[in-house]
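Let's take a walk through this one together. Have a look at the fold below, and then we'll go from the whole chain down to a single residue.

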Amino acid sequence: MTRKPIPKPPMETKEKLTLWVTLMVSTTLCISVLAMVMAFLFGLWAKEVDNAEIFKMISPAFSTLIGGMIGFLSGIKLMQNEDKKDSKC
């Protein structure tokens with residue numbers, strides 16, 4: 001006896017939009033983090049750049065960007081879970 005796979009229900013427009021926004025934010029976060037890490041690495045080995053100054057300039061922006069993007073992503077996922085709870089009631 002073979003089991004047939006259970007077909008997935010088609011995604012709704014809101015779910016598709018949430019998926020695409022999450023993917024775009026994640027991609028933007030990855031690109032930004034890679035650019036900042038490259039700047040950190042350049043600052044470490046460049047003789048004409050003072051290491052203390054490069055870290056003073058980039059560290060607050062790095063923390064703000066990471067915190068903001070992670071907060072945005074978690075907000076999207078929490079809102080998505082909230083919608084699923086409402087539809088079950």
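**From the whole chain to one glycine**

Among contacts in the chain between residues at least 6 apart in sequence, 59% join residues at least 24 apart. Keep in mind that this is a predicted model. As for secondary structure, you'll find two helices and zero strands. Buried residues account for 17% of the chain's 89 residues. The accessible surface adds up to about 7,600 Å², and carbon and sulfur atoms hold 70% of that.

Now to helix H1, which covers residues 13-45. How does its span compare with what you'd expect? At 1.5 Å a residue, its 33 residues should span 48 Å, and the end C-alpha atoms are indeed 48 Å apart, so the two agree. The buried residues of H1 are Thr18, Thr22, Val25, Leu29, Ser32, Met36, Phe40 and Gly43.

H1 also has leucine 41, and that one counts as partly exposed because its relative accessibility is 35%, between the 20% and 50% cut-offs. Leu41 joins Val37, Met38, Leu44 and Trp45 in making a nonpolar surface patch of about 510 Å².

Finally, zoom in on glycine 43, which lies in H1 too. Its relative accessibility is 0%, so it counts as buried. What does it touch, leaving aside residues up to four places away in sequence? The answer is Val49, Asn51 and Ile54. Take the pair glycine 43 and isoleucine 54: they sit 11 residues apart in sequence, with 6.1 Å from C-alpha to C-alpha.

Terms used: Residues are numbered from 1 along each chain as its sequence is written. This is a predicted model: local features need pLDDT of at least 70, side-chain atom pairs count only at pLDDT 80 or more; totals for chains, interfaces and linings use all residues. Side-chain values use heavy atoms; hydrogens and water are left out. Helices (H or I, at least four residues) and strands (E, at least two) are DSSP runs, numbered from the N terminus. Buried means under 20% relative accessible area, exposed over 50%, partly exposed in between (1.4 Å probe, protein chains only). Contact means heavy atoms within 4.5 Å. The expected span of a helix is 1.5 Å times one less than its number of residues. Patches are made of residues with over 30% relative accessible area and no salt bridge: like charges are joined within 9 Å, nonpolar side chains (Val, Leu, Ile, Met, Phe, Trp, Tyr) within 5 Å. Accessible areas come from the Shrake-Rupley method with a 1.4 Å probe; for residues, only the protein chains shown count as cover. A salt bridge is a side-chain nitrogen of Lys or Arg within 4 Å of a carboxyl oxygen of Asp or Glu.
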